[in-house]
Amino acid sequence: MDNTVKRLLERLVRRIPSRMLKTTLDKWSRLTATQRQSIDYTESKWALTEKLLAICEENELTVKHIAELEMIHVIENPNLGMWHAFQLMDPQGDAHSVELTQFKEQFKSHLSELIRHVSIKIKKHTDEAVWIRIAWGDTFSRPNHLKPTYVVHYLQTPYVFLSSLTSKQKPLLSQALVLSTRYQAIKDANLSGRKLTAIRDLLMKQYLQVFPTKFPSPLAERNRVVSNLHIEKEQAGSAANRHQMACEAFGDGLLPQLQSAVYKLETKFRDHTNKTMTERDEPFRCVVKFASTNLLESLRHSASSGTQKVLKTVIRITIIVFCKEVSYVTITWYVTKSCRILTASLQVSTRGHQSPGRNSHIVMLLH
Amino acid sequence: MVCERKQCASGDRTGTTALSRVTFTGQHCGYPEVGGVVTQQPPKSKTCKRSGCLHRIKYVQKNKEKDSGNMEGAPAKGVLSHLSLLEVKARSRKTQLQQHSRVMELKAKVEALKTQREQLKAQIQTHQDLQKLRLAMDKQCADEEEENMEEESENSKLLRLMARHTQLKDLLHAHHLIGGYDIIKTRKGKGACVSIATAYEDVFLDTFNLEIDLKPTVKISRHNIPPFIPLNNLAEQNNMQTDLRVFLDTLSKHLNAFAGRKQQLKLVKEKHKSVEVMESNVLCSLLVLLFTVPREKTAVLCTLDYTDHTRCLPTRVHLESEDKQLPDSPQWKKNCTLLMETPVHKALITMKKMGSIA
């Protein structure tokens, strides 16, 4: 049997947890009933791999079929791997009437034109998402199925989610996508995370947002369990107020679990004692990156717990300032009362001066 | 004031007469005491009433202005008695003031209540005038008469404005009740929040919200409208800057139509399990269904194109089948028109009744 098939299958069986293996294989439906029954899922992974290899040889399954199995697994578990969101720009006239078969044909033909050996698999999921698996090869070698790229797109929306794409492959894929969706350009949406569902929910506006309204819906009862009647919390009133404000800004329900958000910032330095920095003509160009296990939840928590300084352990914020005079930057972030504005106090020390100057204020609106 | 000494039954022995405002202090049993200011005649007896008590009661008449009486008692007992006299003086002053201030308080309260009453009366009057004016205005609108442009005083102009304000508020409320959009001011007039409710077949579905900045330019700041509704395009086409109402009307149409189509798809999936949905999309602008003809078990593929995104009905129905004759048969031509004219979930019920599909 082909070496690649063996390796792919081995890797796949290792990745899929035992409890999900049965359902995934059933969905795959490439095995006969007897074959499925003959597999003992309590065996070790190594034994399972051997068994499956034997069955695949029996059925004469090729790499394409194993790739199918991998795709099924990834579609069921989209929250693995690192996903990056991209946005398509400037739709042409017929962008809104692109339908699935048309998109499939166009995409396959465009990508095959750009690169000779490429293996594409397109599948439509029940929630209208179009999943594309691409195994890249080049003019001389066969497609490499061990490092596939996954693309998720919802037709009639301008967003595309990509995972495992190298910089060489990016322009090729971008062009194919742009041409087949009838848009004119594609740009980075600067939103990435491990959970596809989270970034998708955020961009497709499928999470609970709170808006000021004249006829508010009745509040759900929040039954506070009083642990000890003799203990009265002094801060109970103000804590409830803060919680209310945090909910007004972030909503009461589950927030999409973002891991990182990157902002591009242009700001001016404001400190009277430091002339060299304030007298610059051009603004400072910075890239701000927020990183956390659950970004929005940490911000909501910091707002409701009243901490003015957003804890650095909860959110890691790196600012890369593009300026040659700057050698040392520390940032402290503050969440204001409205929870929608983050102010940063940026301490910058210039080359040669050890004492950090006072603060330049960067204000960012959280959407 | 009763003497603190135990079992002494001597009563209050201090008092003033209204006329002379003289304070009496009594010294009894050697214990100085001070009393409150009471209008009372000094008692006639000069001995303690208590049986067996032989204490004599000494009254010192003291005139407040002259203060001459004070001296009589003071040297008799010294500093303590002097102190007690001073204390009495101070207390009497305070209580007088208290009474005085209490009276003033009540008088002020009366005044406040009177002005409040006047205010309320004026409010009632304005309200009644407003009602009359509203009736007249509503009647005017209904009859489409021309408004009389006579010179109006400031008051009546203001009244007219207030009536118009209430008219508009009622209109907005009615608009909300019929499922139109709601708009409220936010951020002290610098912004507005629009809530667009969607409904289909008398059932309220999702509500979509838009927060708009009004100053310096009219701009959408945040919203929860899904990305397949071309919000920015609509804003540009309908010139949101100048004509917000037209933009909101168009947006409302798009959203309601989308909600309607989505609801139709949901009902088809729930109620017609024999019909398979082959393809749909997030905008619900394309629907491909697979029918099975009973008896012959032929499959018919039906494509519904909803190219007009402001409508809940398809613009094109296309039928395909293995049996090439089927789409041209009169029964299926009828089904085609049925699908163009009635919502798909209802059309399917009719088609099932007529036996076209399983």
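**Figure 1. Overall view of chain B in the predicted model, which contains seven helices and 11 strands.** The model shown here and in the following views is predicted. Of the 358 residues in chain B, 39% are buried. Among its contacts with a sequence separation of 6 or more, 43% involve residues 24 or more positions apart. Chain B has an accessible surface of about 22,900 Å², and carbon and sulfur atoms account for 56% of that area.

**Figure 2. Overall view of chain A, with 11 helices and 12 strands.** Chain A comprises 367 residues, of which 44% count as buried. Considering contacts between residues at least 6 apart in the sequence of chain A, 65% link residues at least 24 apart. The exposed surface of chain A amounts to about 20,800 Å², with 52% supplied by carbon and sulfur atoms.

**Figure 3. Close-up of a positive surface patch in chain B, formed by B:K185, B:K188, B:K190 and B:K215.** One of these residues, B:K215, is located in the loop that connects β6 (203-213) and β7 (219-223) of chain B. B:K215 counts as exposed because its relative accessibility is 55%, the cut-off being over 50%.

**Figure 4. Close-up of the cis peptide bond between B:K215 and B:P216.** The omega angle of this bond is near -5°. Most peptide bonds, by contrast, are trans. B:P216 lies in the loop between β6 and β7 of chain B, and B:K215 is placed in the loop between β6 (203-213) and β7 (219-223). B:K215 also contributes to the positive patch with B:K185, B:K188 and B:K190.

**Figure 5. Close-up of B:N335 in helix α6 (residues 330-341) of chain B.** With a relative accessible area of 1%, B:N335 is classed as buried, since that class covers values under 20%. Leaving aside residues up to four places away in sequence, B:N335 makes contact with B:M351, B:M354 and B:S356.

**Figure 6. Close-up of A:S164, a residue other than glycine with a positive phi of about 55°.** A negative phi is found for most residues other than glycine. A:S164 sits in the loop between β5 (159-163) and α7 (170-181) of chain A. Its relative accessibility is 47%, so A:S164 counts as partly exposed.

**Figure 7. Close-up of A:K205, which is not a glycine and has a positive phi of about 55°.** A:K205 occupies a position in the loop between α8 (196-203) and α9 (236-250) of chain A. The relative accessible area of A:K205 is 25%, and the residue is therefore partly exposed.

How values were computed:
Residues numbered from 1 in each chain as written. Chains lettered and ligands numbered in written order. Predicted model: local features only at pLDDT ≥ 70, side-chain atom pairs only at ≥ 80, totals over all residues. Heavy atoms only, no water. Patch = residues over 30% accessible without salt bridge, like charges linked within 9 Å, V, L, I, M, F, W, Y side chains within 5 Å. Areas by Shrake-Rupley, 256 points an atom, 1.4 Å probe, with all protein chains shown as cover. Salt bridge = Lys/Arg side-chain N within 4 Å of Asp/Glu carboxyl O. Lys, Arg positive; Asp, Glu negative; His and termini not counted. Charge placed at Lys NZ, Arg CZ, Asp CG, Glu CD. Helix = DSSP H or I, 4+ residues; strand = E, 2+ residues; numbered from the N terminus. Buried < 20%, exposed > 50% of the residue type's maximum accessible area, 1.4 Å probe, protein only. Contact = heavy atoms within 4.5 Å.
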